[in-house]
Amino acid sequence: ADKAFEVYMLRRKTAEQDKLLQAELAMAADFQELFLQVRIPESACFHFDFINQYAKRLSFGGDYFDILHLKKERYLLLLGDVAGHGLKASFLVSILKSIIYSEFMKEKTEGNISPSEFLTWLNGRMHTILHRTPDLFLAFSACYIDGDSGTLSCANGGQPPPLLISGSGVVEICHPEPALGVTESFRYSEATRQMSPDDVILLC
């Protein structure tokens, strides 16, 4: 009888701990969703839209995307994916956004940004974190669009190539280079193209 009671109490304690853990994970997932919420800016030149579909069985994701309004009709489109899922990937995404806003964007008040310089800088910052966690890496692409000049510049670290869709067809803007955090001193390149009023830029 004593043995059966011990087993019962152990199972009850385990069920209570599991229930508490699931509640804490759900709360953490809600915090992550709020922190990573994307605000779509109003623009006279561009129409922005995005679709994000999480896997239903996962509370946390390694996806990062943002639209940063720099100045006038200049915007930086960011898309990242931390390899893997779970707490480590979600924490890294939160760190990623904090670094971009508190360090990089703080210095870019004039609104002119080179995507290749941005990825090179971010790669160096990520390497200091990711070299301690070899099971994680960050694929990331950045596109800078200027509505006044009609130019599009992109740099790509391990993501599928951004696409420019126009009346003449579909063009891959820039091919992927190494994912971020793998090599500390890699310098990323960028590609620049002219845009027409009805062109569509697709990042995925």
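User: What counts as a nonpolar core here?
Analyst: A set of buried Ala, Val, Leu, Ile, Met, Phe, Trp, Tyr and Cys residues joined through side-chain atoms within 4.5 Å. Buried means under 20% relative accessible area, exposed over 50%, partly exposed in between (1.4 Å probe, protein chains only). This is a predicted model: local features need pLDDT of at least 70, side-chain atom pairs count only at pLDDT 80 or more, and totals for chains, interfaces and linings use all residues. Residues are numbered from 1 along each chain as its sequence is written, and side-chain values use heavy atoms, with hydrogens and water left out.

User: How many residues are in the largest core, and which have the most contacts inside it?
Analyst: It has 28 residues. Leu76, Leu78, Ile100, Phe118 and Phe140 have the most contacts inside it.

User: Which element gives the most to it?
Analyst: Helix 2, with 7 residues. Helices (H or I, at least four residues) and strands (E, at least two) are DSSP runs, numbered from the N terminus.

User: What does Leu78 touch, beyond four places in sequence?
Analyst: Its contacts (heavy atoms within 4.5 Å) include Tyr64, Phe65, Ile100, Phe118 and Phe140.

User: Switching to the sheet. What's the strand order?
Analyst: 1-2-3-4-7, an open sheet with antiparallel pairing. Two strands pair if DSSP finds at least two bridges between them.

User: Why do strand 1 and strand 7 each have a side without a neighbour?
Analyst: They stand at the edges, each with a single partner strand, so one side of each has no neighbour in the sheet.

User: And strand 3 with strand 4, how many bridges?
Analyst: 7, in the antiparallel sense. Phe140 stands opposite Gly157 in strand 4.
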